[in-house]
Amino acid sequence: ISIGKGCTIASFLITYPSSPTPVLVKGNTIPDDIIYQISKQCLGQMIFITEIVAFDSDNNLINVKPMTLIPIK
């Protein structure tokens, strides 16, 4: 996940159908194990990325809107 030059993502929650609860991800990259689960069990289903914590180059908190995606093969 990236949001713009000079900004960094600290963490976010990802919710997908095969996970009973949202998963906290540190950093800006969806871990390989989650990508694997999504690719095997959730293709064509809505994935939610929420509670995105990001900072600008001056270390100010940035308000980032949640996003959704539908993974396809």
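**A friendly note on the fold, starting at a turn**

1. Asn59 is found in the loop between β3 and β4. Its phi is near 65 degrees, a positive value in a residue other than glycine. Most residues other than glycine have a negative phi. Asn59 counts as exposed because its relative accessibility is 58%; exposed means over 50% relative accessible area, buried means under 20%, and partly exposed lies in between, using a 1.4 Å probe and protein chains only.

2. Before going on, a word on the model. It is a predicted one, in which local features need pLDDT of at least 70 and side-chain atom pairs count only at pLDDT 80 or more, while totals for chains, interfaces and linings use all residues. Residues are numbered from 1 along each chain as its sequence is written, and side-chain values use heavy atoms, with hydrogens and water left out.

3. Now the overall plan. The protein has 1 helix and 5 strands, and from the N terminus on they follow the order β-β-α-β-β-β. Here helices (H or I, at least four residues) and strands (E, at least two) are DSSP runs, numbered from the N terminus. The C-alpha atoms fill a box of roughly 40 × 25 × 20 Å along the principal axes. Of the 73 residues, 23% count as buried.

4. How do the strands pair with β1? Strand β1 (residues 8-15) is joined to strand β2 (residues 23-26) by 4 bridges, and these two run antiparallel. β1 also pairs with β3 in the antiparallel sense, over 6 bridges. Two strands are said to pair if DSSP finds at least two bridges between them. Leu13 is a nice residue to look up: its bridge partner in β2 is Leu24, and its bridge partner in β3 is Thr50. Next to Leu13 in the numbering, Ile14 stands opposite Ile49 in β3.

5. Which other strands pair with β3? Strand β4 (residues 61-63) does, in the antiparallel sense over 3 bridges, with Val53 standing opposite Asn63. β3 and β4 form a hairpin with 5 residues between them, and this is the turn that holds Asn59. β5 is joined to β3 by 3 bridges and also runs antiparallel to β3; there, Phe48 stands opposite Thr68.

6. β3 holds another residue worth a second look. Glu51 lies in this strand, and its phi is near 45 degrees, a positive value in a residue other than glycine. Is Glu51 buried or exposed? Glu51 counts as exposed, because its relative accessibility is 61%.

7. Compare that with Ser11, which is found in β1. Ser11 counts as buried because its relative accessibility is 12%. Not counting residues up to four places away in sequence, Ser11 touches Leu24, Val25, Lys26, Gly27, Glu51, Ile52 and Val53. A contact means heavy atoms within 4.5 Å.

8. On to the interior. In soluble globular proteins, nonpolar side chains tend to be buried together. A nonpolar core is a set of buried Ala, Val, Leu, Ile, Met, Phe, Trp, Tyr and Cys residues joined through side-chain atoms within 4.5 Å. Of the 13 residues in the largest such core, Phe12, Ile14, Tyr16, Ile34, Ile38, Ile47 and Ile52 touch the most other members. β1, α1 (32-41) and β3 (47-55) each supply at least two residues of this core, and the largest share, 4 residues, comes from β3. Ile34 is a good one to click on: leaving aside neighbours within four places in sequence, Ile34 is in contact with Ile14, Tyr16, Val23 and Val25.

9. Towards the end of the chain, Ile70 sits in the segment after β5 (67-69). Ile70 counts as partly exposed, because its relative accessibility is 46%. Where does Ile70 make contact, leaving out residues up to four places away in sequence? Ile70 touches Gly44, Gln45 and Met46. Ile70 and Cys42 are 28 residues apart in sequence, and their C-alpha atoms are 8.6 Å apart in space.

10. Finally, two values for the whole protein. Among contacts between residues at least 6 apart in sequence, 48% join residues at least 24 apart. The mean positions of the 5 positive and 5 negative charges are 10 Å apart. For this, Lys and Arg count as positive and Asp and Glu as negative, with His and the chain ends not counted; the place of a charge is NZ of Lys, CZ of Arg, CG of Asp or CD of Glu.
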